[in-house]
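Subject: The model, and some notes to go with it

Hi there,

Here is the structure I wanted to hand over to you. Please open it next to this message, and then read on for what turned up.

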Amino acid sequence: MNGYLNILKPPGMTSAAVVAVLRRLTGEKRIGHAGTLDPEAAGVLPVMIGKAARLFDYLVDKEKTYVAEVAFGQATDTQDATGTVIAEGDSYPDMAQVRAAAEKLTGDIWQTPSMFSAIKVGGKALHQLARKGETVEVPRRLVHVESISVTEELPNHGFLMTVHCGRGTYIRSICHDMGELVGCPAHMRFLLRAQSGAFDLATAMTVEEVTALQEQGVLAQHLLKPDYPLQHIPRADYPAKYRKQVKNGAKLPCLNEEIPQGGVVRIYLENEFWGMAAREDDMLTWRAQIAPEGESGT
């Protein structure tokens, strides 16, 4: 089994637990996820299976889309609904005020995430230290927020919003900071990741659906192909006469002069994807080889 499963992670389940379930289910040890989702969050979790795990460094996970609810009136130590209330207020904002705050939180912004986050300090995740009662200075992070669209006012002083952002952005920190900007404490009440790079809700499956497919013996047929999330990378095609070189993982002549030195390309032999290579002088050197089904490679 070589490819990807786009898992619709439920709230209350860790990303690591999803991987553990899939390992037990498939018997495949080479499984990993891209882009950790907090346990309380739901949504798209790309999972790499088999040789597809070799392609982790080439996945685009910079582009993410989240649907979230920001709730005004209380701030929490975790910046979400699972935490302990640390501040309260009743100067509830209206739609115009929330949208104005959202505008100030777009572009390149600095965030200070909660102590209950997965950020590591000294090799340990902050949430692990926090649950032991330890506190450390949380480092500020520069992140990019492409846009925040506040779309609907919800009951109990909530607002629904869609956030397009880059990797490393904490949506609950955006919610907290919105509260600071409007003068009313706030936290994140709900979070759904709708997109992570090439993976979105359209191709996502629940753990239950994956389990059913495996029990039917057809899960492998539903894997997304290894090159599915790599369409942003240039493609290099080779005819049959290069078969021996490709199968042996030998260097290949660079047939496209537009590829820059050090540039990475997808390698195809007779229209079948074989992996990734990078240009060195006038040759392409393999970085990760993914032989098609029924083929053997290095």
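Below are my notes on the overall make-up, the core, two helices, the aromatic rings and one loop.

First, some housekeeping: this is a predicted model, in which local features need pLDDT of at least 70 and side-chain atom pairs count only at pLDDT 80 or more, while totals for chains, interfaces and linings use all residues. Residues are numbered from 1 along each chain as its sequence is written, and side-chain values use heavy atoms, with hydrogens and water left out.

**Overall**

The chain's secondary structure amounts to 6 helices and 18 strands; these are DSSP runs numbered from the N terminus, with H or I and at least four residues for a helix, E and at least two for a strand. The C-alpha trace spans about 75 × 45 × 40 Å along its principal axes. Of the 298 residues, 48% count as buried. Here buried means under 20% relative accessible area, exposed means over 50%, and partly exposed is in between, with a 1.4 Å probe and protein chains only. Among contacts (heavy atoms within 4.5 Å) between residues at least 6 apart in sequence, 66% join residues at least 24 apart.

**The core and α4**

The largest nonpolar core holds 29 residues. By nonpolar core I mean a set of buried Ala, Val, Leu, Ile, Met, Phe, Trp, Tyr and Cys residues joined through side-chain atoms within 4.5 Å. In soluble globular proteins, nonpolar side chains do tend to be buried together. Phe72, Ile148, Met161, Ile171, Ile174 and Met178 have the most contacts inside this core. Two or more residues each come from β4, α2 (95-104), β10 (141-154), β11, α4 (171-182) and β12 (186-196), and α4 gives the largest share, 5 residues.

That makes α4 worth a look in its own right. Of its 12 residues, 10 are buried, so α4 is largely enclosed by the rest of the structure. The buried ones include Arg172, His176 and Asp177. Its first and last C-alpha atoms are 17 Å apart, close to the 16 Å expected at 1.5 Å a residue; the expected span is 1.5 Å times one less than the number of residues. Leaving aside residues up to four places away in sequence, Ile174 touches Leu105, Gln111, Val145, Ile148, Met161, Val163 and Thr169. After α4 comes Gly183, with a positive phi near 80°.

**Helix α1**

Helix α1 (residues 15-26) also has 12 residues; they should span 16 Å, and its end C-alpha atoms are 17 Å apart, which agrees. Which of its residues are buried? They are Ser15, Val18, Val19, Leu22 and Thr26. Seen down the axis, the buried residues of α1 fall within an arc of 95°, so they line one face of the helix; the arc is taken from the directions from the helix axis to the C-beta atoms. Those residues pack against β1 (3-9), β2 (31-33), β3 (42-49) and α5 (207-215). The face turned away from the buried side carries the exposed residues Ala16 and Arg24. Gly27, which follows α1, has a positive phi near 75°.

**Aromatic rings**

A search of the whole structure gives 5 aromatic pairs. Rings of Phe, Tyr and Trp (its six-membered ring) pair if their centres lie within 6.5 Å, with planes under 30 degrees apart counted as stacked, over 60 as edge-to-face and the rest as tilted. Phe72 and Phe159 have ring centres 5.8 Å apart and planes at 80°, so this pair is edge-to-face. Phe72 is in strand β4 (residues 64-72) and Phe159 in strand β11 (residues 158-165), so the pair ties together parts that are 87 residues apart in sequence. Phe72 counts as buried at 4% relative accessibility, and Phe159 counts as buried at 1%. Elsewhere, Tyr4, Phe199 and Tyr228 form one aromatic cluster.

**The loop between β16 and β17**

Most residues other than glycine have a negative phi. Glu270 has a positive phi of about 50° although it is not a glycine, and Asn271 has one of about 70°. Glu270 lies in the loop between β16 (264-269) and β17 (272-280), as does Asn271. Glu270 is partly exposed at 43% relative accessibility, whereas Asn271 is exposed at 58%.

Best wishes
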